[in-house]
Every structure is written in structure tokens, then in C-alpha cells.
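Student: I'd like a close look at one part of this model, and then how the rest fits around that part. Take your time with the answer.

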Amino acid sequence: MADKKMAVSQKVTVYIDNIAYQVSKDNNLLAGVLSQKLNLPYFCWHPSMGSVGACRQCAVTQYQDENDTRGRLVMACMTPVSDGMRIGLQDNSAEKFREQVISAMMTNHPHDCPVCAEGGECHLQDMTVMTGHGSRDYQGSKRTFNNQNLGELVGHEMNRCITCYRCTRFYNDYAGGKDFGVYGSRNQVYFGRQKDGTLESEFSGNLVEVCPTGVFTNKVFSAHYTRKWDLQSAPSVCAHCSVGCNTSIGERYGSVRRVMNRYNSDINGYFLCDRGRYGIGFVNGEQRIKKAQGISQQSFEKVSRLDVSKALAHFRGKRFIGIGSARASLEANVYLKKIVGENDFSAGYSNQQMKVASAQQNLLQYAQSSGEILSLSDIEKCDFILVIGEDITKSSPRMALSIRQACRNAGIDKAAGMGIASWQDSAVRTISGKLNTPFFSLHTTATKLDELTEQYLLLAPDDIEHMVLVLTKAIYSLINEDFDNAHEKQLAKLSTPQQLFISCLITKLMAAESPLIVTGDSLASAKILAAIGKLTDCLAQEKLTTQLNLVVLSGASNSFGLLSLLDKSTLSAEQVLSQFRAKKVHGIICLEQELAAFTNDELALIRASAETIIVLDHTHCRVSDFADIVFPVAAVSEGNGHYVNYQGRVQRYNQVHAPELPILDSWKWLALIEESFESSTMPTAILRKNKLEPINNLVQLHRYFAESLSAWPLSNKEVNQEANKDSGKNQPVARMTKRASGRTSQAANYAIHEAKVTQDQELLYSFSMEGNKPNTNNAMPFTWAPGWNSNESINHYQVDIEGPLINDIENDDYLSFVHSLYDSTPDGAEVTEDKVESENSPLVYFPQGSLFKGEWQSANTAEFKLLTHEHEKHFTIYLSSTSAERQGWNNGQWLKIITEDETVIGRLRCDEHLPDHLAYGDINELTNRNTGVCITLAEAKQSDVLLQLENRQDLYQQAKDSQQKVLQQLKKFDQHIPIRFVAGGLDEA
Amino acid sequence: MTELLKRPLTQLVNLESPLSLSQYISEGGYQGASKALHEYSPKQVLDLVSNSGLKGRGGAGFPTGMKWGCVPMFADNDDKAPEFKYLVANADEMEPGTFKDRYLLEGVPHQLVESMIIGSYTMAANRGYIFLRGEYHLAAKRLQQAIDEAYQHNWLGKNIQGTQFSFDLYVHTSAGRYICGEETALINALEGRRAIPRAKPPFPQMSGLFGKPTVVNNVETLSNLPHILKHGAAWFKALSPDSDSGTKIYAACGRVKTPGLWELPMGTTIREILYQHAGGMADGLKLRGLLPGGASTDFLLPEHLDTPMDFDSIAKAGSRLGTGGLIVLDDKSCPVAMVLNLIKFFAQESCGWCTPCRDGTPWAVEVLTRIENGRGRKEDLDSLHNLCDFMWLGKTHCALAPGAVEPLKSALRYFLDDFEQHIDHGCCSYKQSTNQQTKLKGHCHG
């Protein structure tokens, strides 16, 4: 938030080596020293995880006053900053001790830097050089460990461990992991699992960045390895949920190698979830669309603009329906809507989903009416949390991590009452014990956050809605002090836990200063969202709380960009279908759309009725399979565009590498389509003008939108940047490091001549090591500072440690949401009469979310398929203990789960929180959306169980083979580097 | 009675068959607890203990009254129910050369139970734990017996002896780490966590076991309480001839004529303990040096024999009183081997939290092993000095490594010749001359 960014922490004077510095008083001395861009080595301290004083690396000499020449050694990370304090970094005894610490660590650290994946971006290497430790006194042997197989994502090499405890502090303390720990003692401390096996946390990949050396490595990156300094990187935005974490994507030789965290003080801070870190694999996937289909080419080698124009020319004046996408950029969606016209635009949402979208717009409009929607860093400051109908850990994992931190606020406050600062991590945890910020949750399935809640209830969506309505009523009655009987009666009809839930929740909500309600669309229930609307209305009217904060989540990276484009004329999936049934439409343009809302039969109908199906996508799916024309589009790492996150924050992702032609950004294809169609809604004069000047980059596109659209929401920030292009500061920033060794010899197997640098049509970054330093742009392609080769170098670019970046002065654009879909939900949504729950009410099953399968793009990543299949060898279904007992089934028993069109076998587990008519489990294939499905259960035969296990094993093996195949192919492609001279349109390469 | 007044702690010790509750009561037991519960307010007991000058017997010598005084007590108007609090007896006696607590635990378990009642009453603790060294099987059995008896006779449990005071007491046998002797590591272990010392502040008195106010006292410290209650602060002070109050259980081991332990007035000289009580050095041996208070104290030399064994005097002589258990080095045993043996123990028992201790102690073991085996180099002495400096106070997370360094540091000062001879001659001269004996003592390896 802008005002918080400006809020400068209180500064005091600290004399460091007799020079006065202004240092923040709110953090420890180490953070203070680092914030002055001075070098002080450290290991166990982490800006987000605080201090524990384990490694003893950050020792400095503290002097009593200017006459004190001896001073005493203190650990900077454990020392608070005080006004006028005097410390020495260069004092001999402190310097000697710091070197001794490194040399002690090195007694067991192997000399395997040349073969270590961390080499070149190793914090331990940097710190060793920094302390000056160069020669080895230790004569003994080094201790060795056995490593573990921690799954497909994280490699393990324990011999390199320097025992800083950061991994367990992140995995267990910060992220709430359960399957990782510390074993042994003395200099035989082992960090790992009890036994080999895939790490269960959604945040395991952060171990790679948190570990100061090469104990935990990115296994996918290591399998197709390159040094950090040889990567070509660009600042990007995660494409796998609506949180919008900032990432830095690295590429070499035409294949994407890895995703690293890109620090953003507002959003992701220092951490990403595994979906964000590893989900990028879909870019290299087997199913990528790399060739245009249905275009007759003149040249054998490449598709030209003329080819495309010719192929599309006979569609002039024909009516197309355009289906936008929540995973396509804002630009592409706007463009598509512009081309087909608002009356023929659809989001591919069913009627039900449109209602949800309408309710979301309504809530967002409310949420924005009182200011910006909370960022993750603001969420971490909340003192009351209510989550309704959303498994955040699975749908928007990074936000779940922030909620975990918010849960600590009660303990942090208690510690503050005892004079302990929040950065004193172990002390604060000692004091807070199990004390948590009030946290309540209503959902259909158990979630990983439940353990932090004060109370949670598992309910069917209708019951969740009912609970929210009763809660609203109860608050009304409490405020107005008219305890109307209706409310009492409704309350009395609830079960005891439900009553208790409501009464506790109200008490805690009233006491909260910054309460937060999080909800989302994963249950696809407009009714729940409408009920939350009533709750927020009630709280706002009665001015109960200082400020109620509302966060609404959705599934995809640009769900909210798409949501902002939906209005009353937007077609639902059913309407699209009826248009085709009535043969009113010539064809359909699917923009990065797998049309999940349509059944196979419905798709067949469209295929039969549509004369032309045009698909723009990066990965094959059932829609691209029967399209007439397929345009291969750029995946997130290959193009430029903007995503809108759950706050409405518009963030730009930048091209990391120029893909092989004819892969182009969706909006570039759409520009070609528009040009060919000439059926656009804009005045011909503008069209002519723009035709003379083809749109090459986002700046031109935005200018074009600003001129031709009545409501183009983005500011002209980038346009202005172009105007300042020659002022020097805005020279392109290098995508490669200064020491990138590869670029000039990339094509040496073809010719000895140095390949020309690819020209970027965008203005911000260059495909070269030549250009401005990374920090000259507020979005850094990668982070590096002299002496700091790891991501820890971000310290050098923050105003204050863990604060905003120095260059981060421009605020992001925010979309404002307007409830433009339907009229707001009728007030009739009163508390419904209680359903009579008969013994015969059907058992409804809800799938638990899935990290690896939950988002379409990342689900195409080879490692994610493998992990999914590994997980799906054994399904689990949860039933209430009473209903299991009634059937005489035991925990662990195999059951057949039967729906209308599917039968799978899963293992029974009892959950005493479940009501009788509700079941949940990890079987995602029973229903494609997270809406419930009626199931019947039967005991499974042993032979069926064995058969399913066998089938699943086969599927797993296939996924394994496929992953290996992809890897082999990538390695082969390294020998044939695509060279582009211009990263522009079709004819420019 | 006069005898009791001289040796209050050990007077009732019976290692063969410790006193049952009724026997203990008939010998004057539980009078202190009774007096505290019925006649004194908690504040009065606290003042009494403060006035008595009782200091912690676990090694650090921190005044007990001051430690208790930090515990948050009742609100000003006394009505509110007190916050949950814990009292923990530190019976994790693992310091090499120290066995005084075992003597009390096995010999007179009821004394500790009574002490815990008094202590918990003083700080209004609701629950107590005796954190017992895992190997003390017999003590565990006897303590449990005593606790069961106390419950039966309403010395523990609800409304003890008809008062408003309730207190539960449990024995917890340690899974076995030396570091559990450090009070916050002990608390972590008691909570089921890794035994790693906590960052301070918060001190346990504010936020200890399960986040509640907690006091951890050594067994010997606690055992003084019934007697202070019974006989008063002035009596307790008068037990000792010098500035420290009370008695102390001193012990001696090594090659002395009669190793053992003796309860003596605080401030008894080393000479008296060693020559009067331990019978002097074994035949044919001369005193070379001694560790005055367990393995983590500096060596003292024969010239220090007349130093009184109290906190201040021993500190002035350049060492620490520690646990008061003397470990004696004779002239036929190798000081290098002795130091190596000790530091091996500390390297083994490092919790692995901070770098100097975790990686420094094994490094010292590596260097000392080479020197002892005759493969030392001149530079190794510099390495040892550096390591001592590296692990010194203020540089580590807790006191384990500085304690571990104390014998090494003082050995380098007092027995440097031996180190140099090892290096110059490429062998350990003691091993050759007294091969048999060293093998028996197990000091030298290979």
C-alpha cells in the first residue's frame, strides 16, 4: 500500500567504524548494517525469519563510547539498534572471529564447488570470500552423510551442510511443514525426513533459496543444468494462480531452466510456492504447439504475414464468437473482445460460473470502495482471519503462507508486551507457544490451515451459506440489541459446534482491529459469495470494526483481468452453445482456452456447427485437436503482457527469450487477425493509421488501445517510458550477467562468427550482457551485487531490509472492479428454511484441491504429472466416523467410489469433523470443478484394488518415461540453438 | 541435633534403604514444608531464602532468592487465581566427576519432595518436574516411591495438608544429553523438543516451560530449603565460616586414597578436602593439578591448595567452584590425555546449535588426538590457542563451549611443557613409563 511504503521507520544514528549512519530502530543491528549496503556475513539470520543466533557469523565489536577502544564482541543479529551506538566491523578481533567461524564450518564442508549446482550463486562462497578465509588448518577428515530422495523437485546433498538451521526454520517453523526435521546432535546434525520420500510441503522449493549452500538444490534445474551466470533472465509474474507472485525466469539455449523468487515487498517477499517455482516446466512440455496449423505457407521454412492474411481473408465480415481466457494476458483478452465485439465475447464460463463472477465483481467493488485490497504483506498484519469456502493452501498457496504468518501476530504482540522484538525469532516462538491470532474457517474439505484455526467446520456449500447468513443476522441483532426471535430460533437450530463457532467468532471479530475475510470461487457457489456480501454490508453499516478487509481469490493468473472485462452482454457457455445451435455464428476464436465448461458432446456440437474454429494456444488440448487454424502462442516466458492479480494489481511479465517462430504473443496474432478481418469495431481512420505502423511492442499496443477503446484502464506509464528512452536512465537492462560466457560462442558449432544480438522490440531489456545494471529498472531480471552472487544480494537494493526496493517508486496500476455483470443479487437471499436432513440425503463428495493439478498450465509440467501420478497411486476418501461405523467400515479399508460416470477405488479415512452426508478426498478426477458430486460407496474387492494399483503404476511409469523423454529432447536441443535477429513479429526474424 | 545442624543435607541419607515418609517425618522431615505452608506467606519464604544467602549449587552460583524474585507473582490485590507456573528440579547430573545429587536423590528422596513443595509454594507453582538423568534408575524408582507416599499422605496433590495450596509433582527421566543441565535446554527437552539452549531473554522465570513462568533449580540447592525453613537464615549463614552461606557437598575423584563426597561448610579449603577427607594422593603419586568443580572448570595447581572452596575465592584463583567435585591429576598421568578425554566428552555432548561449539570442539579433539599420538606439529599449539579463543565466553550461544575450553586453556598455561614434549618427541612419555596404568585409566588411546 502506498502510504505504508512511504511510512519511514524511525531512524537513529549508529557509528559504524566511526562513520555515522542513519539506521532503522525497528530491526536488529545486522539488518541495520546491511541496510547501509555494508558487507557483514551471516547465515542463520533471514530477513523474513528473523534471528536465532546460531551461526555466530555476524559478530561485530560493540564499543561503550568513543573512548572505548577494546569493546566487546556481539552478534549483530541478536543486538537491537540503539541511538548513538558504536560498532566496529573492521575491528581485528571481530574480523578474526568471523574468519574462524567460516574456517570451523569448512572443517566439514566438501571442496566440491565445481560440481555443485549452487556454485556461482552460493551464499557460503560469497561469505567465505568476504571473511577472507583462504587456507585450511584443519587436518582431520570430514564427516559424511547419506542423502535422501526428497522427491522430484528438491535434491539433497547433506555433506555440504553448514548447520545453519535455516531449512528447518523455514520448512517447519515458517511454513508449518510436518515431514522434515533435525536429527542427531553435535557436528552430526542431519536435516531431512525420517525416511526417503517426496517432501509434502507446498513450499519445499524455497529450501533451495533458503539454504545458503548446496544442500538443497532445484532438482529439475540440476537435471538440465547451467550456471546462474549463463542464464538469460527476465522479470516475470507467476502464471499459476491469482496472487501474482513476482518471479525471475532463467533461460538458456532456447529452453526455460528455472524460476527463482523475485523479491517484491508487497506480495511474495522472499518465498514462492512449488507450483510457481516448478510449474514453468509446461513451457518445455511435450505438448507444446510450435507450428501454425491450417495456414498454407509459401515458404517451406516459415509462415509469413501474407500467409496469415491470405488464410484469414475470406473470414472478412463473418461473425465470430471470441472466448477469452483467465490465463491469457490482459492485452490479449482486451484485444479479442475488441475484435469480436462485446456482444460476441465470452469468458467460456457456464451460467453458474457467470453468477459466481457477478458475485465476485460485487464483492470486489465493495472491497475496493474502502481502499486497496490487501497485499500479502498487509495480510500478514491482520489480527483476525475468517476463511470461507477456500482451501488457500491448494488454490493460492503463497497466500496461505502469509496467513500462517498472520496467525503469529497474537504471539508477537505477547512478546512485545515482554519487551521482545519481533525479529527475535526463537524468543518470540518460546513466548507465544501455541497462541494464535483468532482464525476461523468454513470449508467442505479439511485443509492444511485448519491446524491453526481456533475453530473450523466442514460443511456442504449450502450449509456454509446458511452459516454466513445466520452469522450476519446474529451480528445485526447484537448491534441493534433487538434480539428478534427469528434469529434466536435460527441459532438454536444449529448444531452445538456451529453455535459455538458463531459465538466465538463474533467475540473475536468485535475485538479485532484489522479483521480479514478470505473467500474465493473454488466451490463455484454464487450463494456463498452473496451471503458474504451481506455479511460485509452488515459490518460496514454498523461500523463495528475499524476496517474489514476482504480478499476474493480465483484460480488463474489473470482471472481478475478477465473478470474486469465481463459485462451484461458477455456470453455464457450456454449462450455460446445456443448461438451455434441456431447457426447464427460463423466460427469461434479460442484464446488460450481449453473450454473446460463444455462437455465433450457440447464441443462436438460446436465443431459440427462452426465453420471455422481458430485456436490460439501454447499447449495442445482437446480444443486445439479439432481446430481449423491453430496459432502457436508464447507462454509466459516467451512473451510480454500483463496479469491482474486478486487485488486488481496490474503486473507486467517480460519476455525472457525469443522463442522459435512462428510462436508469437497472443496479442500479436490477434493484431494479425484484426488486420485480416477488417471487421473491427473501430473507425476506419484509426485502422488506417495503425496499419501503416504495425504494432511491435506493448507500448504501441497500449497507445493503440488508449486511442481506440473508451475504457482502457492502464496508465500510460510505459508510453511515457518510451518518451524518456533517450534520457539515459531508461537504456535497456541486460538480461544476462556481466560474465555470461555463452552468448558470444553460442553458435560456434555452426560458424565461428559471433551471433548478432537479438534485437528486442520492447524497450526495457536487452538479450545480452550489455546494457544497464539489473537494478536500474524497478523490475530486476535477476539480482546481483558485488560480492553477493546469490539471491541474498537483494539486501543491496532495498531501502530497509525486508522493505520496498530502492527503485520501486512507481506504484503499480490497479484495476477498479465494477459490478457490471448482473444486477446485484436480489435481497431475497434471506436465511433459508432449514433443510430437513433426511437419512436418505445423498452423500456428496468434494475433491481436495491439488497443488500440481489445480492449474491447467502447470499441470502440463512433466514433473507435476509425475508427482500427480505418484500421489494418485493411492486415493483416500474421508467419511464421517459415524457413517463409516454405521456401515461397519474401518479406517484404511478399500472402498469403491461410484459416480454417474466413473468408478475409482480409494482408501477410507475417518474425519470426525465431517457431517454424515459429506465426503471429501484427493480424487480430483471425479469432478472437474471443485463442486460436489453425488457418490455411492461399496466395499472394494481385493482383485479390483490390485487392478487399480497396477493401472496406476503403469500410468506412473508412463509419466516417468515422458519426463525422461522431455529431458533428453531438451538436452538435444541445446546443440541447435535457435537464433533470432529480432524478437518481433513474423517477418522480422 | 548438633550433628544435624552441621550436615543438614546428608544427615538423613541412607543409601541402602532410604527413609519412608513416616520415618522421614519422625526424623523431623516435612517440618520445613509444614512451617512454610501454615505459618508463612510466599513472600515471607522468599525473603527468608533471600536473607539466607543461598546460592545455586549447580555451578553458576546465582543467588536463589534473586532467581525466584523474578517470577511474576500475584496481582496486587490477591484475589486473582495465580497464573500457571512450574518448578523444575534439575537432577540431570552429567558433569564428569560430579555425583553429589545422586547421593541425595538415592539416599533421601523425601528431602527433595519436601523442598519442591516449599519452592513451589514460594512462587505459587502449580506443577513440578524432577528432570532426572536417565541413567539414575535407582533414584527414579526411589523418587517415584517418595512421590507416591507423599500423594497418599496429602503432601502432594490438592489442598496440601488442608491449606489452599495444591501442587503436582512428576519425575521425568531424561533421554540423556549433557546439555539438558542447561536450564533452557532442559525445558526444551521437557517439552519434547530438541535439547538446545534457548535465547535469553525471555528468561524462564518469565516464559519457561510451555511458555509459562518456570524456575529451574539444582537438586542440592533445593535440598537446603527445608532446613532454612526449620532453622532460619541466621543459622544457615553461620554454617559457613566465610561470606558464602550453608554447607556444600564436596567430592573428590582421581587417584586419591579414598575418593568420595563429604558435606562440609561452604569455604572449606581444597587442602582439607583432599588430604583430610579424601586421604591424600594414592601411594607413590604426587599432585600435579586439579579441576575444582567438575570437568568444565580451569585447572588449579598445588600452590592453590589453601584456597577456600567458595564461589569468590576459587574465582580469584582463576577457576570456578562449579559443582564442587574435585578431579585430581597426578604426576604419572598425562595432562594432554586428560584434556583430550574431557574435550571429547564435550564435543560429543555439544547440542550442535552454534558454530564455535559444534565445529570447534571436534576440531580441538582432532588436534589434541594428533598431539597425544605423537603426530603433533608446533603450529598445533597456535591452533589450540586460537580454538580456545574461538570458543570463549560471549562468542557462543551457551556456556558449554567456554566450559569445555576451561581445562584446555588452563592446561596450555600450566602444562605447556607436556604439550611441547609430545610434539618434540613424537610420543606421549607417560604412556611409555606407565603403560599399564594408563591403559587401566583409559586416558590414552592407541
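Student: Let's start with chain A: what percentage of its 989 residues count as buried?

Tutor: For chain A, 54% of the 989 residues count as buried. Buried here is for a residue with 20 or more other C-beta atoms within 10 Å of its own, exposed is for 12 or fewer, and partly exposed is for what lies in between, with C-beta atoms placed from the backbone. Keep in mind that this is a predicted model, where local features need pLDDT of at least 70, side-chain atom pairs count only at pLDDT 80 or more, and totals for chains, interfaces and linings use all residues. Residues are numbered from 1 along each chain as its sequence is written, while chains are lettered from A and ligands numbered from 1 in the order in which they are written.

Chain A holds 31 helices and 35 strands (DSSP runs numbered from the N terminus, with helices being H or I of at least four residues and strands E of at least two). Its radius of gyration is 29 Å, close to the 30 Å of the globule rule for 989 residues, so chain A is as compact as a globular protein of that length. That radius is taken over C-alpha atoms, and the rule is 2.2 Å times the number of residues to the power 0.38. Along the principal axes, the C-alpha trace of chain A spans about 90 × 80 × 60 Å. Take the contacts in chain A between residues at least 6 apart in sequence: 74% of them join residues at least 24 apart. A contact means that the C-beta atoms of two residues, placed from the backbone, lie within 7 Å.

One spot to zoom in on is Lys853(A), in the loop between strand E29 (843-847) and helix H29 (862-871) of chain A. Lys853(A) counts as buried because it has 21 C-beta neighbours inside 10 Å. Setting aside neighbours within four places in sequence, Lys853(A) touches Ala859(A), Thr868(A) and Asn924(A). Glu251(A) is 602 residues away from Lys853(A) along the chain, and their C-alpha atoms are separated by 24 Å.

Now hop across to the partner. Chain A and chain B each put 32 residues into their contact. On the chain B side, the elements giving two or more residues are helix H14 (335-349), helix H15 (355-372) and helix H16 (378-390). H15(B) gives the most, with 9 residues. By class, that side of chain B has 13 nonpolar, 11 polar and 8 charged residues. Nonpolar covers Ala, Val, Leu, Ile, Met, Phe, Trp, Tyr, Cys and Pro, charged covers Asp, Glu, Lys and Arg, and the others, Gly among them, are polar.

Chain B itself is divided into domain 1 (2-238), domain 2 (247-330) and domain 3 (335-441), with bounds from an automatic or database domain assignment. The centres of domain 1 and domain 2 of chain B, taken over C-alpha atoms, are 27 Å apart. Where these two meet, 16 residues of domain 1 of chain B are in contact with 19 residues of domain 2 of chain B. The domain 1 side of that contact divides into 5 nonpolar, 5 polar and 6 charged residues.

Next, the strands. Chain B has an open sheet of 4 strands in the order E3-E2-E1-E4, with parallel pairing; two strands pair if DSSP finds at least two bridges between them. Strand E3 (168-173) and strand E4 (214-218) of chain B are at the edges with a single partner strand each, so one side of each has no neighbour in the sheet. Strand E1 (residues 86-91) of chain B runs parallel to E4(B), joined by 5 bridges, and Ala89(B) stands opposite Asn217(B) in E4(B).

Last comes strand E5 (residues 247-254) of chain B, where 7 of the 8 residues are buried. E5(B) pairs over 6 bridges with strand E6 (residues 260-265) of chain B in the antiparallel sense, and a hairpin joins the two through 5 residues. E5(B) also runs parallel to strand E8 (residues 325-330) of chain B, with 4 bridges between them. Ala252(B) ties into both: Gly260(B) stands opposite in E6(B), and Leu326(B) is the bridge partner in E8(B).
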